[in-house]
Amino acid sequence: LSREERYNGNTIVPYTVAQHSVHVAEYVASAPSACPEMVRAALLHDAAEAYLGDIVMPLKQLLPDYQRLEKRWSEAIFFHFKVPYQLLDHPVVKQADHWLFACEVGQLIRDPLNYGISGPDSDWRYERVKKDYAGIVRLRPNNIMGRPEAALHFSDTAKLIGLS
């Protein structure tokens with residue numbers, strides 16, 4: 001996942017799926033209702049992309065065969081790590097992924113208007129993300145990890161939450 005860039009690399013600095021996944025797991029871990037299994041699911045939520053690549057959502061929606069393949073890979077990965085696959089759709093995990101998406105697009109994407117975040121209503125979304133993250137994630141060019149650092153951070157997080 002540290003070799004896959006979010007948004008097909010359409011960011012102001014390289015930003016990996018590994019770093020995104022760690023941030024989603026950190027956010028889920030901060031939720032009062034979170035359990036360790038939810039944090040594991042959050043870390044693994046994009047794990048299939050390590051094998052299939054990261055395809056931007058507008059294109060992915062046009063590829064039902066890819067979506068089925070991604071689901072099968074995700075199920076296999078969750079099974080391997082003994083994480084209940086249904087947690088991938090848990091509201092806390094989904095919410096963390098969506099809010100981090102808004103944070104990423106608002107701070108890192110080259111053309112945020114195409115991702116539906118910038119525009120007349122973007123200020124309240126960004127303010128809500130900042131409030132909800134409570135300092136966990138501040139995506140700025142100076143704190144984006146390189147590939148080796150993202151790989152190590154992902155691996156360390158996996159060990160910390162009992163995935164390896």
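What volume does the largest pocket have? About 820 Å³. Keep in mind that you're looking at a predicted model. Here's a quick tour of its two biggest pockets, one pair of packed helices and one pair of aromatic rings.

**The largest pocket**

- When you look for empty space in a structure, rolling a probe the size of a water molecule over the atoms shows where it is left.
- The lining of the largest pocket takes in 27 residues, and those closest to the centre are Asp46, Met57, Lys60, Lys94 and Asp97.
- Three helices give two or more residues each to this lining: H4 (57–60), H5 (64–80) and H6 (91–108).
- Helix H6 gives the most, with five residues.
- Sorted by class, the lining of the largest pocket is a mix of eleven nonpolar, ten charged and six polar residues.

**The second largest pocket**

- Next comes a pocket with a volume of about 210 Å³.
- It has 13 lining residues, and Leu44, Ala47, Ile77, Phe81 and Phe154 sit nearest its centre.
- Helix H3 (49–52), H5 and H8 each chip in at least two lining residues here, with H8 supplying the largest share at three.
- What about charged residues in this lining, how many are there? There are none: the second largest pocket is lined by ten nonpolar and three polar residues.

**Two helices side by side**

- To describe two packed helices, you give the angle between their axes and the distance between the axes.
- For H1 (residues 17–30) and H8 (residues 147–160), the angle is about 35 degrees and the axes are 8 Å apart.
- Helices H1 and H8 cross in a left-handed way.
- On the H1 side, the residues in contact are Ala18, Gln19, Ser21, Val22 and Glu26, and they meet Ala150, His153, Phe154 and Thr157 of H8.
- Count that contact by class and you get four nonpolar, four polar and one charged residues.
- You may recognise Phe154: this H8 residue touches H1, and Phe154 is also one of the residues nearest the centre of the second largest pocket.

**Aromatic rings**

- Searching the whole structure turns up four aromatic pairs.
- One of them joins Tyr7 and Phe101, whose ring centres are 6.2 Å apart, with 45 degrees between the planes, making the pair tilted.
- Why does this pair tie together parts that are 94 residues apart in sequence? Because Tyr7 lies in the segment before H1, while Phe101 belongs to helix H6.

Terms used. Residues are numbered from 1 along each chain as its sequence is written. This is a predicted model: local features need pLDDT of at least 70, side-chain atom pairs count only at pLDDT 80 or more; totals for chains, interfaces and linings use all residues. Side-chain values use heavy atoms; hydrogens and water are left out. Axes are lines fitted to C-alpha atoms, for helices over the stretch in contact, and angles run from 0 to 180 degrees between N-to-C directions. Helices (H or I, at least four residues) and strands (E, at least two) are DSSP runs, numbered from the N terminus. A crossing is left-handed if the near helix is turned anticlockwise from the far one by less than a right angle, and right-handed if clockwise. Contact means heavy atoms within 4.5 Å. Ala, Val, Leu, Ile, Met, Phe, Trp, Tyr, Cys and Pro count as nonpolar, Asp, Glu, Lys and Arg as charged, and the others, Gly among them, as polar. On a 1 Å grid over the protein atoms alone, a cavity is a set of points where a 1.4 Å probe fits but cannot get out, and a pocket is an open set with protein on both sides within 12 Å along at least five of seven lines; lining residues have an atom within 4 Å of a point. Grid points are joined across faces, edges and corners, and a volume is the space filled by probe spheres set on the points. Rings of Phe, Tyr and Trp (its six-membered ring) pair if their centres lie within 6.5 Å; planes under 30 degrees apart count as stacked, over 60 as edge-to-face and the rest as tilted.
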